[in-house]
Each structure stands twice: as C-alpha cells, then as structure tokens.
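Let's take a walk through this fold, starting with its charged pairs and ending up in its nonpolar interior. Have the viewer open as you read.

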Amino acid sequence: MDIRAARTVAELQAAERLFDGPAGAAQCERFLAAPGHLMLIAYAAGGTPVGMVSGVEMTHPDKGTEMCLYELSVDEGHRRRGIGRALVEALAAEARARGCYGMWVGVDTDNEAALATYAAAGAQDEGVFTMRGWPLAP
C-alpha cells in the first residue's frame with residue numbers, strides 16, 4: 001500500500017468512489033487551491049485508490065494551528081486491513097510536519113468501526129461531544 005497526497009483534480013476524481021458523492025471538477029480545484037486543505041489517498045498494488053483521509057488546518061489567535069480530520073473512508077473490500085489506521089497516522093504525521101499542536105475528529109458515538117480505527121491510531125477520548133449545524137444552502 002502506498003499513501004500519498006492528492007495534488008490534481010484527476011487524482012481526486014479517480015478516488016471519488018470513496019466519497020459520499022461525485023467529485024466535481026470545480027469543487028476539486030477549490031479544495032486543492034485552499035491553503036491548509038489536505039487529502040491523502042491510499043493506493044493498493046496496481047494503483048487503485050482504496051482509502052482516503054482529508055484534513056483541514058484550523059488556526060486560532062490564542063491556540064495556534066491544529067488539524068481537523070474531516071473525513072475518512074476505506075473501500076468496503078479493503079476494510080479491516082489497517083488502511084484506515086495507516087491513513088490517520090499519515091495525517092497526524094503530516095500535521096506534525098506542518099507544525100500543528102494537535103489533531104481532532106468528531107465521530108458519532110455509535111460508529112464502532114471509526115472509534116476502533118481512531119483508538120488504534122492513538123486517539124484519546126476527550127469526553128462527550130455534540131454537534132449543531134446550520135443548513136445554509138437554498
């Protein structure tokens with residue numbers, strides 16, 4: 001398995017089956033152009049994308065910069081092989097290299113697979129988490 005950062009629209013679109021929906025060219029270009037956005041893709045032998053993790057750097061004046069693990073996905077046929085853990089660890093290594101003081105992820109408390117993956121990659125439970133959203137699209 002090879003893990004590397006996506007740098008082109010073609011790389012993102014080749015991995016779109018790992019996303020929740022289609023990877024439109026305009027969204028891919030915007031993602032790649034945005035400072036602090038990162039997508040790591042895991043490739044199986046032969047170059048097939050089998051997993052991805054995306055991260056977004058977030059900076060606050062009194063805290064510095066941290067990495068938010070935005071999304072993790074592993075192809076169903078390649079799960080339970082350590083790919084998710086390897087992707088999370090690779091994102092954490094990249095966050096360290098970028099000078100981030102920490103990394104965090106929001107995860108549903110009943111998502112046992114994600115919780116196990118994050119724990120295997122060294123994440124610590126920081127307590128109860130709740131999320132509120134504002135739908136802004138018309």
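Is lysine 63 buried, partly exposed or exposed? Keep in mind as you look that this is a predicted model. With a relative accessibility of 47%, lysine 63 falls in the partly exposed class, because that class runs from 20% up to 50%. Its salt-bridge partner is aspartate 62, with N and O 3.3 Å apart. Aspartate 62 comes out at 58% relative accessible area, so it counts as exposed.

That pair is part of a wider set: searching the whole structure turns up 6 salt bridges. As a rule, side chains of opposite charge can pair when their charged atoms come close. Take aspartate 75 and arginine 17, whose closest N and O atoms sit 2.6 Å from each other. This salt bridge ties together distant parts of the chain, as the two residues are 58 residues apart. Aspartate 75 belongs to the loop between β4 (64-74) and α3 (83-97), while arginine 17 is in the loop between α1 (9-14) and α2 (25-33). Both ends are partly exposed: aspartate 75 has a relative accessible area of 22%, and arginine 17 has 45%.

Now move along to helix α3, where glutamate 89 and arginine 85 form a salt bridge at 3.2 Å, N to O. Why about one helical turn between them? Because they are 4 residues apart in α3. Glutamate 89 is partly exposed at 34%, and arginine 85 is partly exposed as well, at 33%. There's also a network of salt bridges to find, linking Glu57, Glu94 and Arg98.

Time to head inside. In soluble globular proteins, nonpolar side chains tend to be buried together. Here the largest nonpolar core has 17 residues, and the members touching the most others are Leu40, Val53, Leu69, Ile83, Leu87 and Leu91. At least two residues each come from β2 (37-43), β3 (49-60), β4, α3 and α4 (112-120). Helix α3 gives the largest share, 5 residues.

Leucine 40 is a handy place to zoom in. If you skip its neighbours within four places in sequence, leucine 40 is in contact with Ile3, Arg4, Ala5, Gly51, Met52, Val53, Leu87, Ala90 and Leu91. Apart from the largest core there's another one, made of 13 residues, including Leu12, Ala23, Cys28 and Met39.

How values were computed
Residues numbered from 1 in each chain as written. Predicted model: local features only at pLDDT ≥ 70, side-chain atom pairs only at ≥ 80, totals over all residues. Heavy atoms only, no water. Salt bridge = Lys/Arg side-chain N within 4 Å of Asp/Glu carboxyl O. Buried < 20%, exposed > 50% of the residue type's maximum accessible area, 1.4 Å probe, protein only. Core = buried A, V, L, I, M, F, W, Y, C linked by side-chain atoms within 4.5 Å. Contact = heavy atoms within 4.5 Å.
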